[in-house]
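Subject: Structure handover

Hello,

Here is the structure I promised to pass on. Please open it first, then read my notes underneath.

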Protein chains: 2
Amino acid sequence: MIAIKRFSSRDADFRPRLDALLAFESAQDEAVDLAVADILAEVKARGDDAVIEYTRRFDRLNVQSMADLELARDELQKALGGLPSEQHEALEVAARRVRSYHERQILQSWQYEEEDADARGTLLGQKVTPLDRVGLYVPGGKASYPSSVLMNAIPAKVAGVRELIMVVPTPGGERNPLVLAAAALAGIDRVFCIGGAQAVGALAYGTRCVPAVDKIVGPGNAYVAAAKRRVFGVVGIDMVAGPSEILVICDGNTDPDWVAMDLFSQAEHDELAQSIMLCPDAAYIECVAQSIEKLLPTMPRKDVIRASLENRGALIQVSDLDEACTIANRIAPEHLELSMANADDWVAKIHHAGAIFIGPYASESLGDYCAGPNHVLPTSGSARFSSPLGVYDFQKRTSLIRVSQAGAKTLGRIASTLARGEGLPAHARSAEYRVESE
Amino acid sequence: MIAIKRFSSRDADFRPRLDALLAFESAQDEAVDLAVADILAEVKARGDDAVIEYTRRFDRLNVQSMADLELARDELQKALGGLPSEQHEALEVAARRVRSYHERQILQSWQYEEEDADARGTLLGQKVTPLDRVGLYVPGGKASYPSSVLMNAIPAKVAGVRELIMVVPTPGGERNPLVLAAAALAGIDRVFCIGGAQAVGALAYGTRCVPAVDKIVGPGNAYVAAAKRRVFGVVGIDMVAGPSEILVICDGNTDPDWVAMDLFSQAEHDELAQSIMLCPDAAYIECVAQSIEKLLPTMPRKDVIRASLENRGALIQVSDLDEACTIANRIAPEHLELSMANADDWVAKIHHAGAIFIGPYASESLGDYCAGPNHVLPTSGSARFSSPLGVYDFQKRTSLIRVSQAGAKTLGRIASTLARGEGLPAHARSAEYRVESE
């Protein structure tokens, strides 16, 4: 028997139960943070030498120089060429679909001239440019996912980032050919076999051999997350992701095995992953519970799935689908499946979610790999205020302000009045010079 | 004599001198951070009671309840009505121009159906929604700027944020009528006279009287900055701003008094503010230096300006304007003035800047108050990877993925292959169910 929580929105203690279910604070380990501070300081001060030392120690690699740690581009191509054709083709289709979706996200520059007679000739706008150089962190070992390489690298390339540098630790010299193949497909420019806080430091500060980047993206362990937090400001970083989550809203008409497996697909990631179903139909909830019991023993990762479902999973009965949407907005889930009839009609009621999977055929796993949208999504309720990773994360804006002589006379008077109100007389004088000009 | 640094790009040690000039690390005070952690924990645990206690202590206010700390909307309107007509009008024109510019930043949702025969009926898209509720921190006392209220609040309102809550400390009960007037104009929904880490905590966690928000924006002192860093994740935050900066590229034809005053207008903010000029003409640089000497004694904030120029200012001779643009991209300044003939033609060479002021009439002060674009801009070189505050900071995206039965068969095979390659069998099974469906 799996002890997955079951409760109802009609329970007197529903609100506190739901809050308790969702509560998650990522513990920040003081010892990890101090170790990371040391590593970053060493890399900043001693560059390649420090990175090589840490790599020898942590990854047990007998290397003498940074050159030994850089992979040539033809090694990536070789990895791609060596894949079984089915995998090769799947990766290519996925890359193509992801690229095609992300191309629609490109932001364009715009500008306009003032029509106002008082400010004629004044031009305002917003210039959009790509980041120059981006670092992509890819974890080594088991949690090393080729799909994650595609999802992080392709938006950067679509944005026009000139140089994309991947770092991936290879403990004991072990390389993941699928990851290297994905790097080839995604157009990664350079790959260094380094990892941990030392790799983050090398990318942030630059060393003789590793060029400094403008932003670092990609998942990593606690050391990598702590290092990214510390170098933020020197470089940009993406969000620090929490455990993965799925919320399934079901009207009770989807094959319960499908829903059970969708819940599993999140749960198999991690014992802290969260899988929740909302449904108005008590009998159907029972069916899903039975499917879970039936299918769990068939899953290779059943121990992780069980732990995850028992720790953080729930099957919740709701009054109706409207209430389910209200609760979904409270949860602001990373992944939301609308597994119901006329699912399209319900999308408008969802205000907060990383990605919405519309209808019973749209399983979350399709989005993880190949539907097109990014699989890097806001977790832990942060969909209330943030977005999926996208091309826009690799572009930035510059405001454009051209002021004509006429415009400067009009605007200068306003600026002068407000600057004096704020007690900033140099601001006022600077504007007034333009007002007074012949 | 003002000891502003003067050097040339031809100096043998130019690169290290420039690096040293730009080096700035915001010290994070351990004691401040610990005090803030305590305050946040108290506010989280005890809500309004803790906020009231801290406000009594830090702001010396003899208040009994949170109701005593909330300002009624008609107090804002009264502040607006009480302004001298010139200020009232200037604020209104500024608000109108800022709103009109920001309306062009609104992101729109989009979606498209797959044309691919294999995936027909599959729909992909991106749904854009505003944040529900935003908190705006406004500093009390001297650094309390009505223009900052407009620049932070208007983009949120244009984005469609439903509720905008301002917090502003009123130490000793002192209120700034210009700030309250700006709040009225900007459409702030509620105002609480609280500040410091306790105000940030109240907004992030919510109390009985202060509703929890989804994002906190606005400038503040070291306590506020530390508190924002700590609540990040629970809520979104804007960037933590460093000292203000201006870079003027001048061809040597602008009135040197104008350039000197533009450098002052940045320097008067703060002793750590940075004002730099790049110019190919040695004689003109001498003229600007003389203007600085001449004008400084006339400035009310001359001590701050002198300290800023001597600490962090520089007049740099460059070989030509092309090189000036290259150096500007290295600096990635918050504000860049292109004070030269045919300034428009040089914009394309600038890849990294918060805002570009094009031509000698476009003084930075016009952008600070009323040109239209936002005055909250990336500092300390972060224009390499980030953007001005904008409407897009108050909107977020949700990916839309609708998959037809036909589409699920095609996509499911690809997802299954890749999921098995990554060792995630529940992901694979979840996709395969859809492939196998009749």
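In this predicted model, a turn of 180 degrees lays chain A on chain B with an RMSD of 0.0 Å. The shift along the axis is 0.0 Å. That is the relation of a two-fold axis. The interface follows suit: 100% of the interface residues of chain A are also interface residues in chain B, so the copies meet through the same surface.

Now the domains. Chain A is divided into domain 1 (5-24 + 242-371), domain 2 (30-107 + 131-237) and domain 3 (403-436). My notes below concern domains 1 and 2 of chain A.

Their centres, taken over C-alpha atoms, are 33 Å apart. Six residues from domain 1 of chain A and six residues from domain 2 of chain A make up the contact.

What area is buried between domain 1 of chain A and domain 2 of chain A? About 440 Å², with carbon and sulfur atoms giving 52% of it. On the domain 1 side, Tyr369(A), Cys370(A) and Ala371(A) lose the most area to domain 2 of chain A. Together they account for 71% of what that side buries.

As for polar links, there are zero salt bridges between domain 1 of chain A and domain 2 of chain A. Two residue pairs are in polar contact between these domains, both at pLDDT 80 or more. By class, the side of domain 1 of chain A that touches domain 2 of chain A has three nonpolar, two polar and one charged residues.

Best wishes

Notes:
Residues numbered from 1 in each chain as written. Chains lettered and ligands numbered in written order. Predicted model: local features only at pLDDT ≥ 70, side-chain atom pairs only at ≥ 80, totals over all residues. Heavy atoms only, no water. Domains from an automatic or database assignment. Contact = heavy atoms within 4.5 Å. Buried area = accessible area lost by both parts, 1.4 Å probe. Salt bridge = Lys/Arg side-chain N within 4 Å of Asp/Glu carboxyl O. Polar contact = N/O pair within 3.5 Å; in protein donor to acceptor, adjacent residues only side chain to side chain. Nonpolar A, V, L, I, M, F, W, Y, C, P; charged D, E, K, R; others polar. Least-squares fit on C-alpha atoms with pLDDT ≥ 70 in both.
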